[in-house]
Amino acid sequence: MRIHFARHGESQANLLHEISNRGLKHGLTLQGRRQALALSQQLQGEPITYIYSSPILRAIETSIILAGQLNLDYEITEALREYDCGKMEGRSDQAAWQAWQELFDAWVLRHDWEQRIEGGESFMDIRARFEPFIDGLLKRYANTQSEIVCVSHGGLYWMMLPVILKNVDTKLISRYGFDYASCIVAELRPDGLICIEWNGHPIN
């Protein structure tokens with residue numbers, strides 16, 4: 001089996017530079033819809049069988065476009081939601097983004113897994129919802145030729161892909177990043193999930 005980890009298209013929150021990781025507030029921009037359509041065309045030649053989506057509007061709208069173009073069903077799961085930034089949610093000011101950066105650095109640079117913004121999630125909270133979801137997919141589809149699309153967010157992927165992919169670390173992520181509607185392909189092998197392609201770039 002393979003899992004395609006796709007990021008949503010550009011959203012209004014991205015243009016507003018607002019921390020918006022809850023609910024149905026900000027949908028895709030016109031450019032974001034074009035990006036999602038381009039991703040659907042990129043996936044046309046793949047034997048995709050199902051789509052799972054974050055419950056945040058920008059991801060849902062991306063999934064709707066993919067599902068419509070690929071003639072597939074999609075399912076919303078809390079496991080793919082972007083991580084919650086607590087009292088900084090809905091803000092776009094410098095202090096909010098400084099708090100976001102401090103949290104990012106605590107996790108990525110210092111491995112302070114329990115650090116959180118007040119009212120938000122820690123790294124371990126995210127892992128507690130994401131990793132069991134992926135384990136469930138592996139158990140369900142392990143002995144099949146299924147190819148699954150997960151539509152989620154750059155922040156969640158930054159934190160969680162190194163947890164579940166044997167050959168991905170923060171250096172690789174820093175090199176390639178997560179463009180809007182980008183797609184990372186992972187293949188299940190005897191030793192676990194292996195990244196084989198990063199937004200069109202083959203990974204050894």
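What covers the buried residues of helix H2 includes strand S1, strand S2 (48-53), helix H3 (57-70), strand S4 (147-152) and strand S5. Buried here means under 20% relative accessible area, exposed over 50%, and partly exposed in between, with a 1.4 Å probe and protein chains only. Helices (H or I, at least four residues) and strands (E, at least two) are DSSP runs, numbered from the N terminus.

A word on the model: it is predicted, with local features needing pLDDT of at least 70 and side-chain atom pairs counting only at pLDDT 80 or more, while totals for chains, interfaces and linings use all residues. Residues are numbered from 1 along each chain as its sequence is written, and side-chain values use heavy atoms, leaving out hydrogens and water.

Back to H2 (residues 30-43). Its buried residues are Gly32, Gln35, Ala36, Leu39, Ser40 and Leu43. Seen down the helix axis, they fall within an arc of 145°, so they line one face; the arc is taken from the directions from the axis to the C-beta atoms. On the face turned away from that side sit the exposed residues Arg34 and Gln41.

Now for strand S5 (residues 183-189). Five of its seven residues are buried, so the rest of the structure largely encloses it. S5 has these strand partners, where pairing takes at least two DSSP bridges:

| Pair | Direction | Bridges | One bridge |
|---|---|---|---|
| S1 (residues 2-7) and S5 | antiparallel | five | histidine 4 with valine 185 |
| S5 and S6 (residues 192-198) | antiparallel | six | arginine 189 with glycine 192 |

A hairpin of two residues links S5 to S6.

Next, have a look at isoleucine 126, which sits in helix H5 (residues 123-141). With 0% relative accessibility, isoleucine 126 counts as buried. Setting aside neighbours within four places in sequence, isoleucine 126 touches Tyr83, Trp107, Glu121, Leu156 and Met160, contact being heavy atoms within 4.5 Å.

Finally, the largest pocket holds about 450 Å³ of space. It has 21 lining residues, and Arg7, Asn14, Glu82, Trp97 and Trp100 lie nearest its centre. Helix H1 (12-16), helix H4 (94-108) and helix H6 (154-164) are the elements giving two or more residues to that lining. A pocket is an open set of points on a 1 Å grid over the protein atoms alone, where a 1.4 Å probe fits, with protein on both sides within 12 Å along at least five of seven lines; lining residues have an atom within 4 Å of a point. The volume is the space filled by probe spheres set on the points, which are joined across faces, edges and corners.
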